[in-house]
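Please open the model in your viewer and keep the selection tool at hand. The tour below goes from the whole chain to single residues and says at each stop what to select.

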Amino acid sequence: MWNLQYSIPTFLILSIFLVFYIARPKIPTRINRTFIMLLLTDVVNMIFNYVSTYMDNDPSSYSITALYITNYLFFVFYILRSFLFCQFTINVLELNHRKIPLTYLLNGGVLFACQILTAVSPWLHTVFSIDGQGYHSGPFYNMMTVHFLYYLVVSMFLLLGSGKKLSLFQYIAVLSYDLILFLGIAIRLAFPHIVLMDLFCLLAIIIQFLAFQNPDNYIEKRTRFFNRFAFEILLSETIPEKLAGNLLGFVLKNYTDNRILYGGAQMDSGITAIAGFLHNHYPSFRFYYLRNGEFVIEAKPDTDLNALRSQIAARFLQPWNRDYAKLYLQVGFVIANQSLAFDSSEQFMDCLESAFREVDQIGANECLIIDEHRKREREQYLLIKRAIENAIKEQNVQVFLQPIVDAKTHKLAGAEALARLEDPHLGLIMPGDFISLAEENGSIISLGEQIFRKVCGFMAYYGNQLHLAWINVNLSPIQCMDPNLIDEFSSIIEEYHLTPSRIHLEITEQENVDHRLLKKQIQEMTAKGFSFVLDDYGTGYSNIDRIKKLPLINVKMDMSIVWEYFDHPDSLLPLSIQMLKDMGFSVTAEGVETEEMARELYKMGCSYLQGYYFSKPVPLEEFYKKYHVTE
Ligand code: C2E
Ligand code: MG
Ligand code: MG
């Protein structure tokens, strides 16, 4: 006789899970499909477990055929359930049939073999048999334990091999549901007449639900749309085979500014209103809210995205009303070219994000297409990012030197250090292509320190031989704001037994820097003996009043203003040079390409000259050879 007393509460709890899970919104991912199949299989298995056990306890009241059918169906779903538990782990670990073809084949093979063994039982009495006395286990009955153990061992092995991508919490979750199922099997073997396996399966399912399947983990609160996490999972399951779907993205322009302008609460209710509008007008589409005003609409495959875009743009001409407030918001759109193939979901996500950032900058209702060009541009960007990381790791930033000469004698006075990166794919990467990226991701700090160190090394070994009074090093505004800059640079200077005056620091005036902080930093470093040069004078943003108050030793005229003068001579350049000299600064002219320019600029009052007329920037060894011989 079997004891079924634990089955009823287990069944009730499981049913609640099933109804709850079916009712909540979900994205159609592999893991979600597996989980729902697992729930359904478990429910059906429990029903047949209960029915068959009930009938087996009183076999004389039922026909042999009825007993065969109920017992057979119990076995079918029991085997399927253990297969799905393992499949769930495979999905959690994002392993597909391409990554682990052999395991897929074996798992399917075991499932198939077990089902065949069960199916032939009425004739061959393999797993079970029924006769006048009722139910009997067959010689292959142990298959029920063995196959479950097989799937659990596979699940454990996969976790050991590929579990690194999981968080610790998720790792422990997979481990615990596997262990609980092991325990279930052990208890089933120890007490075969108490039907307890279902309870252990329920515990395993609860762990799966809490750790991976809670639909709330995938929902954004304000919009009730799917969140970025859900979108990334969807992409990772479809790419590289195909694009996720017919996608239209849009972003609320100037999101951060608008949040300050309207306040966070109002902005949030605006986002809720937009979500409500989308939901009501396009009930059959799926929506995602990524972050900071970024929406993605997954339309039907035959939806005309341009028409959809016009409809949404038209709605944004009206304000979004919440209570008494009116929000005026603008949008920019992004469409992904459907025929474009992506190597990975990360690559698609990166293109989408860059398009969102860009469309935020251009006019309202503009639409950007994620096309081949953007893809290649982003690939280039990632290559450069990698080259920067590599240069930091390998300490192989290339420093080139360009001579700066005395304007009167044309003799070498100093030099400017200009950075380059060397990359096996891209060749020599120029600062214009990597400095802003390094500033964006903060790597300019370690890159800048490496450049400074190399320049100091060169100055310490060869400076005196070459009669180099100083070398200018470019500092990006981010470096200037770094509170550790003084200590780091001072200790490097000491390490090479140099005086700080041998290295001049070139800074630029920029709108987006904190001028008070910059001035403080410059003053403190000047007190320690460092000298500052103002670079790129005459480009866009120079505030004479502020410059006047900075302890600078030299100002460099940007080559654009120098060239402008030689194209269309007027008094701007001569007057600027004169004014800077009157303020007590010496002046260097950049971009000197001809003898005539050199002569004129000297006459105008420049103290130093720099440009291709004298030399292009060259590697350190070349610089040494060139000036060691001639000087
Ligand atoms: P910059 O500091 O104004 O440097 C002068 C730029 O003008 C250099 O370009 C130099 O090669 C170029 N140049 C000099 N003379 C001539 C000339 O006669 N004709 C022409 N056509 N060009 C000339 P480069 O090396 O590409 O550097 C570009 C900018 O990148 C630099 O402008 C500087 O702002 C930045 N940069 C370079 N190295 C570093 C660095 O180590 N750190 C930081 N933060 N920025 C750097
Ligand atoms: Mg410079
Ligand atoms: Mg410059």
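A residue is called buried here if its relative accessible area is under 20%, and by that cut-off buried residues make up 50% of the 631 residues in the chain of this model, which is a predicted one.

**The whole chain**

Begin with the entire chain in a cartoon view, where 24 helices and 19 strands can be followed. The radius of gyration is 36 Å, whereas the globule rule gives 25 Å for 631 residues, so the chain is more spread out than a compact globule. If you turn the C-alpha trace along its principal axes, you will find that it spans about 120 × 60 × 40 Å. Switching to a surface view shows an accessible surface of about 30100 Å², of which carbon and sulfur atoms hold 58%. Of the contacts between residues at least 6 apart in sequence, 70% join residues at least 24 apart.

**The five-stranded sheet**

Next, select the strands β4, β5, β3, β8 and β9, which in that order form an open sheet with mixed pairing. Its edges are β4 (286–289) and β9 (367–370), each of which pairs on one side only, and from one strand to the next the twist averages 20°. Strands of a sheet pair through backbone hydrogen bonds, either parallel or antiparallel.

Now narrow the selection to β3 (residues 246–252) and β8 (residues 331–336), which run antiparallel and are joined by five bridges. Which residue of β8 is the bridge partner of V251? The partner is G332.

Add helix α12 (residues 305–315) to the view, and you will see that this helix lies across β3, β5 (294–299), β8 and β9, running at about 25° to β3.

**The nonpolar cores**

In soluble globular proteins, nonpolar side chains tend to be buried together. To look at such a group here, show the side chains of F452, L505, L601, L609 and F623, which touch the most other members of the largest nonpolar core, a set of 75 residues. Helix α16 (residues 444–462) gives the largest share of this core, with eight residues.

Then centre the view on L609 and leave aside its neighbours within four places in sequence: among the residues in contact with L609 are P403, I404, V405, A407 and H410, and also T588, A589, V592, A598, L601 and F614.

For the last stop, select I31, L67, C201 and A211, which are included in a second, separate core of 56 residues.

Definitions and conventions
Residues numbered from 1 in each chain as written. Chains lettered and ligands numbered in written order. Predicted model: local features only at pLDDT ≥ 70, side-chain atom pairs only at ≥ 80, totals over all residues. Heavy atoms only, no water. Pairing = 2+ DSSP bridges. Helix = DSSP H or I, 4+ residues; strand = E, 2+ residues; numbered from the N terminus. Axes fitted to C-alpha atoms, helices over the stretch in contact; angles between N-to-C directions. Contact = heavy atoms within 4.5 Å. Core = buried A, V, L, I, M, F, W, Y, C linked by side-chain atoms within 4.5 Å. Buried < 20%, exposed > 50% of the residue type's maximum accessible area, 1.4 Å probe, protein only. Rg over C-alpha atoms; globule rule 2.2 N^0.38 Å. Areas by Shrake-Rupley, 256 points an atom, 1.4 Å probe, with all protein chains shown as cover.
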